[in-house]
There are 2 protein chains.
Amino acid sequence: MHNCTTHSDCIAEALHRAEEICDKRDLRFTDVRRKVLELVWQSHGPIKAYDILDQLDQRIAAIKPPTVYRALDFLTENGLVHKINSLNAFVGCSHPLRHRECYFLICSDCGEAKECCNLDIVDAVAKTSSRNRFEIKHVTLEITGECGDCRGVH
Amino acid sequence: MHNCTTHSDCIAEALHRAEEICDKRDLRFTDVRRKVLELVWQSHGPIKAYDILDQLDQRIAAIKPPTVYRALDFLTENGLVHKINSLNAFVGCSHPLRHRECYFLICSDCGEAKECCNLDIVDAVAKTSSRNRFEIKHVTLEITGECGDCRGVH
DNA sequence: AACGGAATGTTATATTATAACATAACCATG
DNA sequence: CATGGTTATGTTATAATATAACATTCCGTT
Ligand SMILES: [Zn+2]
Ligand SMILES: [Zn+2]
Ligand SMILES: [Zn+2]
Ligand SMILES: [Zn+2]
């Protein structure tokens with residue numbers, strides 16, 4: 001499902017990046033927020049809010065939905081996590097500083113959501129928006145289909 | 001919110017187009033499906049499943065959620081309606097025959113979801129997908145922001 | 001009329017998300 | 001280090017969205 005070399009490093013790096021970003025921006029990277037982000041990265045793929053909740057419950061007593069959703073809101077607002085609307089799931093952003101230019105290739109077979117960037121798409125979206133006198137706040141681009149691995153293509 | 005000249009005509013046309021398409025494809029454009037599509041077009045903008053349900057209830061006794069969702073599934077699968085995931089809402093497709101190339105400009109102020117087509121975007125998406133050896137089944141592009149009218153731009 | 005498949009009805013429940021208010025932690029400032 | 005304002009979390013309840021599972025009806029074909 002993902003091909004990071006050492007996944008524990010991959011999680012640690014994501015947490016470290018988040019810490020730095022929050023530091024720089026004077027945001028509070030609290031315990032709850034850190035733990036939620038850690039679980040998101042642990043899955044290293046789309047994870048549902050209630051699955052996070054379940055996994056937290058095992059570690060911390062009595063975490064409730066609002067706590068998880070608040071943490072996810074914080075992480076999403078600050079570009080550390082993406083919400084994938086077509087899955088009602090959340091995934092860690094792998095480059096939080098260029099967070100607005102991302103889109104996803106979502107394999108309906110293996111469930112991977114590959115985060116990509118592409119200037120042509122960003123340009124085309126920007127142009128068509130301005131032609132329509134539309135001021136962009138947020139772009140969601142979710143491409144669903146089947147990935148090469150699942151199709152056996154090489 | 002929308003600028004069709006005569007909205008009753010606009011609804012009638014949409015229903016007529018749907019009828020033709022279903023005819024051609026040997027699909028059953030049943031009463032429930034017609035009524036749901038009619039309500040979607042009546043709103044002429046994103047409408048929620050349970051709002052459709054409420055409005056149906058006033059006309060038909062005891063319509064239940066599964067009935068509405070089934071009709072919406074049918075209409076979505078056959079390109080007559082789009083689901084807008086970021087709103088959990090549904091909107092009529094204004095050109096069902098070219099249904100796959102659409103995207104939406106969604107104004108968070110007035111709530112309009114303008115359906116657009118743009119070949120540059122379609123191309124860029126197709127290219128990046130094939131570069132990633134990814135076979136597209138479905139593309140969701142939802143651009144949220146503020147429309148020109150709401151910003152007072154002319 | 002009898003059959004088979006598709007659509008709808010029905011009951012119940014799963015899943016996703018938020019409102020509203022109480023408490024606790026944090027942090028600037030005196 | 002007390003005080004007060006702000007931000008975050010805890011807590012309870014419920015809202016909003018969506019589907020499972022099974023029964024019945026409808027509809028075209030034979
Ligand atoms: Zn990893
Ligand atoms: Zn795959
Ligand atoms: Zn209209
Ligand atoms: Zn607007």
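These are legends for a set of close-up views of a predicted model with chains A and B.

Some housekeeping before the views: residues are numbered from 1 along each chain as its sequence is written, while chains are lettered from A and ligands numbered from 1 in the order in which they are written. Because this is a predicted model, local features need pLDDT of at least 70 and side-chain atom pairs count only at pLDDT 80 or more, with totals for chains, interfaces and linings using all residues; side-chain values use heavy atoms, leaving out hydrogens and water.

**View 1. Chain A as a whole, for orientation.**
Chain A holds 6 helices and 5 strands; these are DSSP runs (H or I, at least four residues, for helices; E, at least two, for strands), numbered from the N terminus. Reading from the N terminus, the order is α-α-α-α-β-β-β-β-α-β-α. With a radius of gyration of 16 Å against the 15 Å that the globule rule gives for 154 residues, chain A is as compact as a globular protein of that length. (The radius is taken over C-alpha atoms, and the rule is 2.2 Å times the number of residues to the power 0.38.) The C-alpha trace spans about 50 × 40 × 25 Å along its principal axes. Buried residues account for 40% of the 154 in chain A; buried means under 20% relative accessible area, exposed over 50%, and partly exposed in between, using a 1.4 Å probe and protein chains only. Of the contacts in chain A with a separation of 6 or more, 48% join residues 24 or more positions apart, a contact being heavy atoms within 4.5 Å.

**View 2. The surface and charges of chain A.**
The accessible surface comes to about 8300 Å², and carbon and sulfur atoms own 47% of that. Areas are from the Shrake-Rupley method with a 1.4 Å probe, and for residues only the protein chains shown count as cover. On the charge side, chain A carries 20 positive and 23 negative side chains, with the centres of the two sets 6 Å apart. Lys and Arg are the positives and Asp and Glu the negatives, with His and the chain ends not counted; each charge is placed at NZ of Lys, CZ of Arg, CG of Asp or CD of Glu.

**View 3. Phe134(A), with chain B all around its contact list.**
Phe134(A) is in the loop between helix H5 (119-131) and strand E5 (135-146) of chain A. At 7% relative accessibility it counts as buried. Leaving aside residues up to four places away in sequence, its contacts include Leu105(B), Ile106(B), Cys107(B), Ile143(B) and Arg151(B), as well as Ser129(A). Leu27(A), 107 residues away along the chain, has its C-alpha 30 Å from that of Phe134(A).

**View 4. Two H5 residues that touch the other chain.**
Thr128(A) sits in helix H5 of chain A and is buried at 3% relative accessibility. Beyond four places in sequence, Thr128(A) touches Tyr103(B), Asn118(B) and Ile121(B). Ser129(B) belongs to helix H5 (residues 119-131) of chain B and is buried too, at 1%. With the same sequence neighbours left out, Ser129(B) touches Leu105(A) and Ile143(A) in chain A, plus Phe134(B) and Ile136(B) in chain B.

**View 5. Ala18(B) and its neighbours in chain B.**
Ala18(B) is in helix H1 of chain B, buried at 1% relative accessibility. Not counting residues up to four places away, it touches Phe29(B), Leu37(B) and Leu80(B). The C-alpha of Asn78(B), 60 residues along the chain, is 9.4 Å from that of Ala18(B).

**View 6. Positive phi at Asp26(B) and Asn88(B).**
Most residues other than glycine have a negative phi. Asp26(B) has phi near 60°; it lies in the loop between helix H1 (7-24) and helix H2 (31-43) of chain B and is exposed, at 72% relative accessible area. Asn88(B) has phi near 45°, is found in the loop between strand E1 (81-84) and strand E2 (89-92), and is partly exposed at 44%.

**View 7. Cys22(B), without a disulfide.**
The closest cysteine sulfur to that of Cys22(B) is in Cys93(B), 13 Å away and too far for a bond. A disulfide here is a pair of cysteine sulfur atoms within 2.5 Å, and the count over all chains is 0. Cys22(B) is buried, with 1% relative accessible area.
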